[in-house]
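Please open the model in your viewer and keep the selection tool at hand. The tour below goes from one selection to the next and says what is found at each stop.

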Amino acid sequence: MGVAVSDEQWMRRALELAERAEREDDEIPVGAVVVGPDGTLLGEGWNRNISESDPSAHAEIVAMRAAGRALGNHRLLGCTLYVTLEPCAMCAMAAVHARLGRVVYGAADPKTGAAGSVFDLLADPRHNHRVEVLGGVLAEEAGRRLTDYFRRKRGKAAP
């Protein structure tokens, strides 16, 4: 399955939210949206773990919480999570427990990625639910945003 036009459109929205994370909250720029099976935006979020002193407030968790409230259900059946960075183990398992249909991510995370880079939790056959994964959507832009953020934080100029 290739990248659909709507996948890129939703990832662009997630990138806008990532920019907000950095601009408004000085958080690591990761953004996420949850879209229903009918294409309706159900929830969105950006990293809030530093500003909310909450280790679980990653963009994906914030977006899934909002989607759950919108649906009045902890199950997000048939929904798609778009996130600018490959989910970590915590977020990947939340996606499995929420019964998401798909996870679409931008940049891979070679250190802690749990959608195939380091771990493959979304497709692990030991779970009673597997989530379809599509990685690399607008990966260059998402990766550049993260790299630039960390360079600024470390006081290093871009090459």
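Begin by selecting β3, helix α3 (residues 89-98) and β4, which in this predicted model together make a right-handed β-α-β unit. The two strands of this unit, β3 and β4, pair in the parallel sense over five bridges, and if you pick out L85 you will find it standing opposite A107 in β4.

Stay with strand β4 (residues 102-107) for a moment and colour its residues by accessibility: six of the six are buried, so this strand is largely enclosed by the rest of the structure.

Next, add β5 to the selection, since β4 and β5 run parallel and are joined by three bridges; within this pair, V104 has L134 in β5 as its bridge partner.

Now turn to the other neighbour of β3, strand β1 (residues 31-35), which pairs with strand β3 (residues 80-85) in the antiparallel sense over four bridges. A convenient place to look is V33, whose bridge partner in β3 is Y82.

With these pairs in view, select the whole sheet, which is open, has five strands in the order β2-β1-β3-β4-β5, and is mixed in its pairing. Which strands stand at the edges? They are β2 (41-46) and β5 (132-134), each of which has a single partner strand, so that one side of each is left without a neighbour in the sheet. Looking across the sheet, you will see a twist that averages 15 degrees from one strand to the next.

Move on to the helices by selecting α1 (residues 5-25) and α4 (residues 139-153), whose axes come within 11 Å and cross at roughly 10 degrees. Because angles under 35 degrees count as roughly parallel, α1 is described as roughly parallel to α4. Show the side chains where the two helices meet: R12, L15, A18, E19 and E22 in α1 are in contact with E141, A142, R145, Y149 and R152 in α4. The residues of this contact divide into four nonpolar, no polar and six charged.

Finish with two loop residues, beginning with S53, which lies in the loop between β2 and α2 (59-71). The phi of S53 is near 50 degrees, a positive value in a residue other than glycine, and at 68% relative accessibility S53 counts as exposed. The other stop is R99, in the loop between α3 and β4, where phi is again positive, at about 65 degrees, although R99 is not a glycine. Is R99 buried or exposed? At 16% relative accessibility, R99 counts as buried.

Technical notes:
Residues are numbered from 1 along each chain as its sequence is written. This is a predicted model: local features need pLDDT of at least 70, side-chain atom pairs count only at pLDDT 80 or more; totals for chains, interfaces and linings use all residues. Side-chain values use heavy atoms; hydrogens and water are left out. Axes are lines fitted to C-alpha atoms, for helices over the stretch in contact, and angles run from 0 to 180 degrees between N-to-C directions. Angles under 35 degrees count as roughly parallel, over 145 as roughly antiparallel, 65 to 115 as roughly perpendicular and the rest as oblique. Contact means heavy atoms within 4.5 Å. Ala, Val, Leu, Ile, Met, Phe, Trp, Tyr, Cys and Pro count as nonpolar, Asp, Glu, Lys and Arg as charged, and the others, Gly among them, as polar. Two strands pair if DSSP finds at least two bridges between them. Buried means under 20% relative accessible area, exposed over 50%, partly exposed in between (1.4 Å probe, protein chains only). A crossover is right-handed if, with the strands pointing away from the viewer, the path from the first strand over the helix to the second runs clockwise.
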